[in-house]
Amino acid sequence: MARIIAESLEGELDVVLVHKLGAPGQAELAIGAVDEGGEVYLNENAEALGISADYLAREQQSQSGTLRKRRVLYTSVHPPIKPSGRVVVLVDDGIATGATMRAALRSVRAQKPSKLIAATAVASHEALRMIRPLADEVVCLEVPEVFYAVGQFFQEFPQVSDEEVISILKESRFGAGNLNR
């Protein structure tokens, strides 16, 4: 989705690295997220779940390690673009809890873009409530009344592999017609 939007806007494509922090025994349930700098952002439900500080530290360390590895992989083909003074559109296919989008918005906001836009195909009402104060603008195509998981709104919802990301970044950086604005 981000590639299509970047091409349509004739803009540059980059990645913001954040990772979900999963609940104990329920890795798909986001209790928060960590950004590339190691900042942890917890959802309101994390405290209610009684998650120990030890578990949280281990989960943060594990997910931060994944982010460091990805940064090395991605930077080898596409050095990070500085968002300072630029209009930045953060794109996510869907936002269930808002954990990763909140972490991404805060991470980019700290780098002082001129405008910060959150864009998604689908989101829960709760997630939008949490991200609206963090973005200058939010674009969401669908906000269904019943929302269980992002995947329920897509016919196909595969994970994007590191290899796919690297290929897309290479194409966006060196591909024909790239304007690099």
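**A walk through the salt bridges, rings and a surface patch**

R129 and E126 sit three residues apart in helix 5 (residues 125-131), so about one helical turn separates them. Their side chains form a salt bridge, with the closest N and O atoms 2.3 Å apart. How open is this pair to the outside? R129 comes out as partly exposed, with a relative accessible area of 43%, and E126 is partly exposed too, at 40%. Keep in mind that you're looking at a predicted model.

That helical pair is a handy way into the charged contacts, and the structure holds eight salt bridges. Let's pick out two others. Take E28 and K20: their side chains meet in a salt bridge, N to O at 3.1 Å. On the glutamate end, E28 has 67% relative accessibility and counts as exposed, since the cut-off for that class is over 50%. K20, on the other end, is partly exposed at 22%.

Now for R71 and E36, whose side chains also meet in a salt bridge, this time with an N to O distance of 2.5 Å. R71 belongs to helix 3 (residues 53-75), while E36 lies in the loop between strand 2 (26-35) and strand 3 (40-42), so this pair ties together parts that are 35 residues apart in sequence. Is R71 buried or exposed? R71 is buried, as its relative accessible area is 13%, and buried means under 20%. E36 has 35% relative accessibility, so E36 counts as partly exposed.

From charges, let's move to a polar residue. T120 is part of strand 5, which covers residues 115-123. With a relative accessibility of 5%, T120 counts as buried. What does the side chain of T120 find there? One of its polar atoms lies 2.9 Å from the backbone oxygen of D92. If you leave out the neighbours within four places in sequence, T120 is in contact with D92, D93, G94 and I95, and also with V139, C140 and L141. So D92 turns up in both descriptions of T120: as the owner of that backbone oxygen and as one of the contacts. Strand 4 spans residues 87-95, so D92, D93, G94 and I95 fall within that strand's range.

Strand 4 also takes us to the surface. V87 has its place in this strand, and at 53% relative accessibility V87 counts as exposed. Which residues make a nonpolar surface patch with V87? The partners are L9 and V89, and together the three make a patch of about 260 Å².

The last stop is the aromatic rings. A search of the whole structure finds two aromatic pairs. In one of them, F147 and F153 form a tilted pair, with 5.2 Å from centre to centre and 35° between the planes. F147 counts as buried at 17% relative accessibility, whereas F153, at 25%, counts as partly exposed. F154 and F157 also have their ring centres 5.2 Å apart, but their planes are at 25°, so that pair is stacked. Why stacked for one and tilted for the other? The line is drawn at 30 degrees: planes under that angle count as stacked, and the 25° of F154 and F157 falls below it, while the 35° of F147 and F153 does not. As for their surroundings, F154 is partly exposed with a relative accessible area of 26%, and F157 is partly exposed with 34%.

Definitions and conventions. Residues are numbered from 1 along each chain as its sequence is written. This is a predicted model: local features need pLDDT of at least 70, side-chain atom pairs count only at pLDDT 80 or more; totals for chains, interfaces and linings use all residues. Side-chain values use heavy atoms; hydrogens and water are left out. Patches are made of residues with over 30% relative accessible area and no salt bridge: like charges are joined within 9 Å, nonpolar side chains (Val, Leu, Ile, Met, Phe, Trp, Tyr) within 5 Å. Accessible areas come from the Shrake-Rupley method with a 1.4 Å probe; for residues, only the protein chains shown count as cover. A salt bridge is a side-chain nitrogen of Lys or Arg within 4 Å of a carboxyl oxygen of Asp or Glu. Helices (H or I, at least four residues) and strands (E, at least two) are DSSP runs, numbered from the N terminus. Buried means under 20% relative accessible area, exposed over 50%, partly exposed in between (1.4 Å probe, protein chains only). A polar contact is a pair of N or O atoms within 3.5 Å; within protein, one must be able to donate a hydrogen and the other to accept it, and residues adjacent in sequence count only if both atoms are side-chain atoms. Contact means heavy atoms within 4.5 Å. Rings of Phe, Tyr and Trp (its six-membered ring) pair if their centres lie within 6.5 Å; planes under 30 degrees apart count as stacked, over 60 as edge-to-face and the rest as tilted.
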